[in-house]
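Work through the exercises below with the sequence and the model side by side, trying each task before reading its solution.

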Amino acid sequence: MDTKELRRRYWNEILTGALVLGGAIVLLLFLDQALGLHGKPGLGFVMTLLQLAVIVWIIYHYTKRGADVYTSAGQPYSFAKGFLGALNMSVFSGVVVGLGLYVVMNYISPGNYGAMVSAMAQAYLDNPALTPEARLAYQEIVTDPSILTGNLTLLLFGAIMAMGLVGGFIGLVTGALLKRDTPPAAE
């Protein structure tokens, strides 16, 4: 297999993983809203653990499939490839997650998220160290939370950053676990 075909198959696995990961997180977000688990201490914690388990499994599974592409072609799979594969998968999945968040926050459950954003802004207002400019900005958010929830660019950026951070940490482990200096011997 030539290098171009090898890279194409590898990126196919990573991007497929990104779509599956983003779709799974959005599905869990919809499920969380449908069951009313958001904000309930015990059940919310269980949902968070479920989300983390899904993220870890999908990242590991698709990064391993990417590693298998290289090793089946007789190529080594380095720690860096494993780490960057997991990181890229997570960052690209952030786009799907950000779009899903936008839909949930603006069309499925706008009141719930609006109240949550207002409450967070109100908590910041209680900080005596706020500058007058920051205080004014938070007061605007308390009265109109759609300043944040309706901003697709901000939601995409936040989701990409959050998924990138989580995926980066998971990528450190998966990169080390999947590192193969020499391909496995043919059977």
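The exercises that follow concern a predicted model, and each is solved step by step.

**Exercise 1.** Find which residues have the most contacts inside the largest nonpolar core, and which helix gives the most to this core.

*Solution.* Begin with the core itself, which has 28 residues, and in which Leu-21 and Ile-59 have the most contacts. Next, look at where its members come from: helix 1 (3-35), helix 2 (41-72), helix 3 (79-108) and helix 7 (152-178) each supply at least two residues. Helix 1 gives the most, with 8 residues. Finally, turn to the surroundings of Leu-21, which, when neighbours within four places in sequence are left aside, is in contact with Ile-55, Ile-58, Ile-59, Ser-90, Ser-93 and Met-163. As a general background, nonpolar side chains in soluble globular proteins tend to be buried together.

**Exercise 2.** Compare the span of helix 2 with the span expected at 1.5 Å a residue, then state which helices its buried residues pack against.

*Solution.* Helix 2 has 32 residues, which should span 46 Å at 1.5 Å a residue, and this agrees with its end C-alpha atoms, which are 46 Å apart. The buried residues of helix 2 include Gly-44, Met-47, Ile-55, Ile-58, Ile-59 and Tyr-62, and the buried residues of this helix pack against helix 1, helix 3 and helix 7. Just past the helix comes Gly-74, whose phi is positive, near 80°.

**Exercise 3.** Carry out the span check for helix 1, and say which residue follows this helix.

*Solution.* Helix 1 has 33 residues and reaches 48 Å from its first C-alpha to its last, which is close to the 48 Å expected at 1.5 Å a residue. The residue that follows helix 1 is Gly-36, with a positive phi near 65°.

**Exercise 4.** Decide whether helix 3 is roughly parallel or roughly antiparallel to helix 7.

*Solution.* The two helices, helix 3 and helix 7, pack at an angle of about 150°, and their axes are 6 Å apart. Because angles over 145 degrees count as roughly antiparallel, helix 3 is roughly antiparallel to helix 7. The crossing of helix 3 and helix 7 is right-handed.

**Exercise 5.** Is Thr-149 buried or exposed?

*Solution.* First locate Thr-149, which is found in helix 6 (residues 146-149). Its relative accessible area is 6%, and since buried means under 20%, Thr-149 is buried. Not counting residues up to four places away in sequence, Thr-149 touches Tyr-102, Met-105, Asn-106, Tyr-113, Val-117 and Leu-155.

Methods:
Residues numbered from 1 in each chain as written. Predicted model: local features only at pLDDT ≥ 70, side-chain atom pairs only at ≥ 80, totals over all residues. Heavy atoms only, no water. Core = buried A, V, L, I, M, F, W, Y, C linked by side-chain atoms within 4.5 Å. Buried < 20%, exposed > 50% of the residue type's maximum accessible area, 1.4 Å probe, protein only. Helix = DSSP H or I, 4+ residues; strand = E, 2+ residues; numbered from the N terminus. Contact = heavy atoms within 4.5 Å. Expected span 1.5 Å × (residues − 1). Axes fitted to C-alpha atoms, helices over the stretch in contact; angles between N-to-C directions. Parallel < 35°, antiparallel > 145°, perpendicular 65-115°, else oblique. Left-handed = near helix turned anticlockwise from the far one by under 90°.
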